[in-house]
Each structure stands twice: as C-alpha cells, then as structure tokens.
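Reader: I'd like a close look at one odd spot in this model, then a tour of how the pieces around the rest of the chain fit together. Keep it casual, but give me the cut-offs.

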Amino acid sequence: MKVLGHKIELLTGLLLHDGTMAGLQELRFPEEKPLLRGQDATELEHDIETPYGLLHVVIRGSPKGNRPAILTYHDVGLNHKLCFNTFFNFEDMQEITKHFVVCHVDAPGQQVGASQFPQGYQFPSMEQLAAMLPSVVQHFGFKYVIGIGVGAGAYVLAKFALIFPDLVEGLVLINIDPNGKGWIDWAATKLSSLTSTLPDTVLSHLFRQEELVSNTELVQSYRQQIGNVVNQANLQLFWNMYNSRRDLDINRPGTVPNAKTLRCPVMLVVGDNAPAEEGVVPVPETAPILQVECNSKLDPTTTTFLKMADSGGLPQVTQPGKLTEAFKYFLQGMGYMPSASMTRLARSRTSSLTSASSVDGSRPQACTHSDSSEGLGQVNHTMEVSC
C-alpha cells in the first residue's frame with residue numbers, strides 16, 4: 001500500500017464567538033458540528049510507575065483488537081484537558097475514537113490537582129520524558145501507538161519515536177520546534193521571566209503576538225487556566241527543562257552517514273499564525289512552498305505537511321473540525337480508516353487506498369515496510385484541500 005501524500009494545505013477562516021471567561025469548556029467555535037459534552041465519564045485515571053517517576057495517564061475507551069492506541073502529549077503550560085479536550089470532544093472525532101483507545105499523558109506534575117514537587121526535585125530531561133513512555137505502553141499492553149503531540153509534547157513524542165521506533169506506528173506533530181535554544185534565545189527567555197509572570201511568559205510560547213492582541217477571549221481564558229489549574233512551581237520546572245532542550249537529532253536519510261530519522265508516517269501541522277512558525281517554517285529562496293524545517297530532515301515519502309490558515313498556536317482548539325478531517329485522512333492512508341469514513345477530503349483520490357485499508361484491527365504492514373531497500377513506502381500523489 002502506498003503511503004499518504006506529503007503536502008496538504010487547508011485554507012479556512014476562523015471566527016470565535018460566544019466565548020466566556022469561565023474556562024475553555026465554555027468557549028464555542030463555529031465549526032460545522034458541535035462539541036460533545038460529558039465525555040469525561042468514560043475516562044479512567046492511572047498513575048504509572050516509570051524509571052523517572054510517576055506519570056499521570058488518562059485512558060478513554062478500551063483497546064480495539066490489534067489496533068494501536070492514540071497517545072497524546074500536551075504542550076508546556078497545559079495538561080491533557082486544556083490541550084486536547086476541545087479536539088477529542090468534537091463530534092466528528094468520535095468517528096475516529098470509536099475505533100481506537102485514547103491514552104492521554106500528562107507531563108510530571110502538570111495534571112489537574114497535582115501536588116507540588118518537593119524542594120530540590122530534578123525534573124526529567126526531554127529525553128527522560130520520552131523514556132518514560134514505554135512504561136505506559138507496557139502497562140496497558142499496547143503493541144504500538146499513534147502519537148499526537150503539541151509543542152513540547154511533539155518534541156517528546158519525536159524523541160520517543162527515535163529511541164523506540166518499534167513502539168510508534170505514526171505521529172501527528174503540531175507546532176514542533178526541533179531546535180534547541182541558542183544563547184540569545186536563552187537570554188531573552190531569562191529576561192522575560194524577570195519582567196513577566198509565568199502564565200504570560202508561557203502565553204508568548206503558545207500564541208503569536210498578533211493572537212495575544214486580537215484573540216483576547218481565547219488568550220484570557222488560557223491565562224486564567226494556566227494560572228489557576230496548573231501548579232505554578234511544577235510548571236516552572238517543565239518550562240525550564242523545555243527551554244534547555246537540545247536539537248532534535250534527525251537528518252534526512254542519505255544526507256549524512258548513519259542518519260537518524262523518524263521511520264513511521266508523520267503529519268507535521270503548523271498554524272500559519274503560530275509562534276513556532278517563524279522558528280520551524282523557513283521559506284527557502286528556491287522553493288515556492290513553505291517547508292517545515294523538521295520536514296526537511298525527514299523522509300519525504302512518509303511525511304505529510306499540513307499548514308492551517310488563520311490558525312495560531314493551538315489549531316486543535318481553534319480548528320478542531322479541520323484537524324479532525326486531516327487526521328482521518330492520515331489514518332486512512334495508514335490503512336486504519338475506510339474511505340466511507342471520510343468527509344470532504346477528496347474521496348476520489350483516496351479510493352485507490354481503500355482496498356489496502358485494514359478494517360479488522362490488524363496492523364497494515366505497508367505503513368512501515370515496502371519492497372524498497374530502506375523499508376519506506378513510496379508516495380506519488382499530492383493533496384491540496386480548500387475547506
């Protein structure tokens with residue numbers, strides 16, 4: 001089976017209305033279908049022992065045969081609820097989640113009601129955060145996962161896939177910055193911490209300046225949530241560790257000897273107004289199409305690029321319908337969603353993949369294997385979508 005194409009552009013507008021300051025659950029977005037309420041009743045919380053401490057995990061649904069779990073990891077300043085509730089409570093998303101168990105991972109000490117870490121606690125490094133995840137996979141008996149990460153969470157999941165490639169079936173990386181901070185960036189961060197509150201400092205990571213000024217209802221809601229829901233001392237430790245990260249050690253196969261890269265299908269998502277875009281979406285002089293810097297280091301035959309117009313630092317919150325639709329297409333290209341489940345994403349172009357789609361829960365081998373010597377599926381079509 002041929003792997004999903006590697007360029008998707010969604011051009012869609014966004015209008016926010018009827019927002020309240022009571023929290024994200026009260027914000028409403030003008031998507032085609034409403035958000036579903038009361039979903040938390042099916043969630044089960046667990047504290048998993050790992051080599052680097054306890055990890056809070058929330059399981060939604062039950063394993064479906066031999067299918068992978070969808071595993072999420074949130075951005076710094078958030079937790080799984082603030083980062084993913086809007087996305088996973090969106091009505092169209094239920095068409096996906098009925099086929100998969102969902103595993104939400106909270107970074108250490110970032111979950112709702114977390115106790116403050118004791119004085120002198122050493123927060124795990126980004127590599128150690130990634131190394132905690134196999135304990136989660138093993139605890140629940142998952143054979144492999146499809147990861148969805150945002151910002152810092154995307155970096156952690158990318159590290160996880162590099163270190164434990166056999167456990168990762170696919171990745172959706174939203175607004176990932178694969179680069180470590182240089183001295184200038186580090187100094188700017190330190191200066192910001194001296195002149196701004198921690199929630200405001202984190203907001204400048206989550207939202208671009210234009211969003212901070214124009215999208216006041218969303219930003220104010222997140223400022224309130226970050227300040228009141230997430231333990232501030234624990235958040236500071238996570239924030240410091242994320243800002244001390246090193247470059248993601250990846251290179252496109254063939255460009256350097258013994259190059260490391262992500263072996264699974266990857267969908268890179270960036271909002272065109274996201275803060276991460278300036279750092280991870282350079283515009284090469286010889287290329288008319290935006291290329292994610294991370295994408296330039298990945299195998300082009302297994303990488304999809306999704307640029308969401310009029311979307312900022314949290315496209316899964318402001319554009320859940322459009323991201324859900326793209327995620328369906330990504331899963332369908334991996335062989336997990338029949339074409340009948342697709343909405344408006346060019347069924348005619350995906351019908352050729354239908355015969356190879358897996359609907360009985362078995363792992364589609366074409367996702368990670370082909371007849372090529374490198375074991376990578378080939379791609380020969382490009383999808384452009386206007387919604």
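Author: Asn 175 sits in the loop between strand 7 (168-174) and helix 5 (183-195). Helices (H or I, at least four residues) and strands (E, at least two) are DSSP runs, numbered from the N terminus. The odd bit is the backbone: Asn 175 isn't a glycine, yet its phi is positive, about 50°. Most residues other than glycine have a negative phi. Asn 175 also counts as buried, because its relative accessibility is 7%; buried means under 20% relative accessible area, exposed over 50%, and partly exposed in between (1.4 Å probe, protein chains only).

A few ground rules. This is a predicted model, with residues numbered from 1 along each chain as its sequence is written, and side-chain values use heavy atoms, leaving out hydrogens and water. Local features need pLDDT of at least 70, side-chain atom pairs count only at pLDDT 80 or more, and totals for chains, interfaces and linings use all residues.

There's a positive phi at Gly 141 too, near 75°, and Gly 141 follows helix 3. Helix 3 (residues 126-140) and helix 4 (residues 152-163) have axes that come within 8 Å and cross at roughly 70°. Axes here are lines fitted to C-alpha atoms, for helices over the stretch in contact, and angles run from 0 to 180 degrees between N-to-C directions. Helix 3 and helix 4 are therefore roughly perpendicular; the bins are under 35 degrees for roughly parallel, over 145 for roughly antiparallel, 65 to 115 for roughly perpendicular, and oblique for the rest. The crossing of helix 3 and helix 4 is right-handed: the near helix is turned clockwise from the far one by less than a right angle, while anticlockwise would be left-handed. Among the residues making that contact (heavy atoms within 4.5 Å) are Leu 129, Leu 133 and Val 137 of helix 3 and Tyr 155, Phe 160 and Ile 163 of helix 4. Leu 129, Leu 133 and Val 137 are also among the buried residues of helix 3. An α-helix has 3.6 residues a turn, so residues three or four places apart point the same way.

Now compare helix 6 and helix 9 (residues 232-243), which pack at about 40° with axes 11 Å apart. That angle makes helix 6 oblique to helix 9, and their crossing is left-handed. The contact includes Pro 199 and Val 202 of helix 6, and Gln 232 and Gln 236 of helix 9.

Pro 199 lies in helix 6 (residues 198-206) and counts as buried because its relative accessibility is 12%. Leaving aside residues up to four places away in sequence, Pro 199 touches Arg 223, Ile 226, Gly 227 and Gln 232. From Pro 199 to Gln 236 it's 37 residues along the sequence but 9.8 Å in space, C-alpha to C-alpha.

Zooming out, the chain holds 14 helices and ten strands, and 55% of its 387 residues are buried. Of the contacts between residues at least 6 apart in sequence, 76% join residues at least 24 apart.

As for trust, the average pLDDT (the predictor's confidence in each residue, from 0 to 100) is 75, and 67% of the residues score at least 70. Residues 1-41 fall below 50, though that stretch has 133 contacts in the model beyond near neighbours in sequence. Residues 344-387 are below 50 as well, with 97 such contacts.
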